[in-house]
Every structure is written in C-alpha cells, then in structure tokens.
Amino acid sequence: TAMVSHLLSAAGYRVGRLTTPIIGHVPESIRIYERSIPADFFSSSAEKVYRATVKLRKDEESNVELSVGKNDLLFAVSLAAFADADCDYAVIEIPTENISHVAFSSSVLSVISTVDDTSTARSICARLDRNGNEIVTALQSREVYKIIYDKCAEINSRLSMPLRNAYLPMTSTIKRREFTYSGRFFAVGTGAEYQVYNLLTALECAEALKRGGIKIAGTDICSA
C-alpha cells in the first residue's frame with residue numbers, strides 16, 4: 001500500500017492513502033499527500049459521513065440495510081477526505097474481514113496480497129467485477145493462484161504477479177539486501193525476505209499502472 005502510494009506521489013499525482021488495521025490514532029491511518037490528515041480535517045469528513053448515514057436511516061423510501069462497523073466508517077471518512085482534498089488517486093488497504101463489503105468495479109488496479117486459504121481467495125474473487133481492469137497478486141500457493149487466475153479469465157482482467165525466476169538475490173545483511181529483478185539492480189534497507197517479495201509485488205504494480213496509462217518513470221520507482 002505504501003509503495004504504490006509513494007510511486008504515484010513521486011510521479012506527481014495527488015494521492016490519498018488508507019492503511020488498515022488502525023495503528024495509533026485513527027487520523028494517522030488516513031494520509032493525503034503522504035501526510036496524516038489533521039484532526040479537524042478528519043472531524044469535518046466524519047461529520048459529512050454521519051449526516052449521510054442519518055439521512056439514509058430517516059429515508060422511509062430507502063431499502064438500504066445499514067450494518068456499519070468501525071472499518072466501514074473509516075473507509076467512508078477516508079473517501080470523503082480524499083474528495084475534499086481533490087485527490088487524483090486513492091490507495092486503499094482492505095482487511096480480509098471487510099472484503100465482503102467492498103466491490104472493485106471502479107478501481108484502476110486491484111492488488112491481492114498473500115492469501116492463506118482457498119476460501120478467502122474465493123471471497124476476494126467474488127468481489128472482483130467484470131471491469132477488465134488489471135489485477136496484481138502477490139506470490140500465492142498453486143491452489144490460490146488457480147482460483148485467482150480462473151476469475152481473471154472469467155472477467156477478462158489481466159493478471160500479473162512477481163516472477164520467481166526473474167528474482168536473483170545477491171548480497172544480504174541484517175539491514176540490507178541487494179538483488180536483481182528482470183535484469184534491474186535493486187538495494188533495499190531490509191533484511192527480511194518477505195519485504196523483498198512485497199517490493200517485487202509493488203514493482204509489478206508500477207508496470208501495471210503504466211500499462212493503464214499512468215505516467216511513472218524509472219526515477220519515480222527509485223525514489224519511492
């Protein structure tokens with residue numbers, strides 16, 4: 001989530017980002033232009049969401065059933081804040097337990113992180129709409145990957161994922177890893193292998209965004 005947000009910001013776009021689960025104060029989970037939103041800005045957006053919720057509840061002609069949880073409210077407040085800030089793009093991290101509440105029909109790019117079981121993979125795929133937008137997945141088990149692959153074929157979406165045979169590790173220490181990926185050299189300030197695979201997924205996201213018409217230069221990838 002952070003890497004994709006940094007990529008778009010480095011390319012000059014106005015980006016809103018929501019990370020979950022919530023760590024620390026709620027406003028710190030919502031970032032605009034790579035900065036946490038001020039408490040008063042958060043309160044203003046939350047007030048708009050509250051008024052909209054009250055209106056739905058009072059609307060006798062509405063058949064909407066409202067079952068709103070903490071993360072649902074956080075999503076709604078973040079979108080209101082992004083709209084108020086006139087963001088070009090929103091990068092939203094959705095926890096697995098909220099996946100049934102979300103549809104991805106308006107997304108430029110959908111990214112699926114590593115999934116532990118096939119039932120979760122099916123729940124995620126059930127929310128992917130027939131939009132033809134690109135989907136990037138992290139490294140998955142063979143069973144999970146097949147579920148995602150079949151869904152992408154069904155909805156005519158291109159599927160990308162990191163290529164294991166394109167990743168060549170070089171030197172590694174506690175604080176730094178050097179490697180090449182698809183012939184390009186990278187050095188990252190982490191010793192954890194899973195973080196490297198997260199980076200590879202982000203690199204595939206950068207390529208997918210470029211295919212979608214978003215201008216991202218090689219220097220933007222390096223600075224992100």
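**View 1. Tyr181 and its partner across the strands.** In this predicted model, Tyr181 stands opposite Arg184, a residue of strand 10. Look along the two strands here and you'll find 5 bridges joining strand 9, residues 177-181, to strand 10. The two run antiparallel.

**View 2. The open sheet of strands 8, 9 and 10.** Pull back a little from that pair and the sheet comes into view: 3 strands, in the order 8-9-10, with antiparallel pairing. It's an open sheet, and its edges are strand 8 (167-172) and strand 10 (184-188), each of which pairs on one side only. Going from one strand to the next, the twist averages 20°.

**View 3. Helix 6 across the sheet.** What lies across these strands? Helix 6, made up of residues 193-211, lies across strand 8, strand 9 and strand 10. Its angle to strand 9 is about 35°. If you like to check helix geometry, helix 6 has 19 residues and reaches 28 Å from its first C-alpha to its last. That's close to the 27 Å expected at 1.5 Å a residue.

**View 4. The buried residues of helix 6.** Which residues in helix 6 are buried? The list includes Val196, then Leu199, Leu200, Thr201, Ala202 and Leu203. Further along helix 6, Glu204, Cys205, Ala206, Ala208 and Leu209 are buried too.

**View 5. Gly213, just after helix 6.** Follow the chain out of helix 6 and you reach Gly213, in the loop that leads from helix 6 to helix 7 (218-223). Here the backbone takes a positive phi, about 95° at Gly213. Is Gly213 buried or exposed? Gly213 counts as exposed, because its relative accessibility is 57% and the cut-off for exposed is over 50%. Now find Val108: in sequence, Gly213 and Val108 are 105 residues apart, yet in space they sit 9.9 Å apart, C-alpha to C-alpha.

**View 6. The whole chain, for orientation.** To place the close-ups, here's the full protein chain, with 7 helices and 10 strands. Of its 224 residues, 40% count as buried. The protein chain exposes about 13000 Å², and carbon and sulfur atoms supply 51% of that area. As for contacts with a separation of 6 or more, 57% of them are between residues 24 or more positions apart.

Technical notes
Residues are numbered from 1 along each chain as its sequence is written. This is a predicted model: local features need pLDDT of at least 70, side-chain atom pairs count only at pLDDT 80 or more; totals for chains, interfaces and linings use all residues. Side-chain values use heavy atoms; hydrogens and water are left out. Helices (H or I, at least four residues) and strands (E, at least two) are DSSP runs, numbered from the N terminus. Buried means under 20% relative accessible area, exposed over 50%, partly exposed in between (1.4 Å probe, protein chains only). Contact means heavy atoms within 4.5 Å. Accessible areas come from the Shrake-Rupley method with a 1.4 Å probe; for residues, only the protein chains shown count as cover. Two strands pair if DSSP finds at least two bridges between them. Axes are lines fitted to C-alpha atoms, for helices over the stretch in contact, and angles run from 0 to 180 degrees between N-to-C directions. The expected span of a helix is 1.5 Å times one less than its number of residues.
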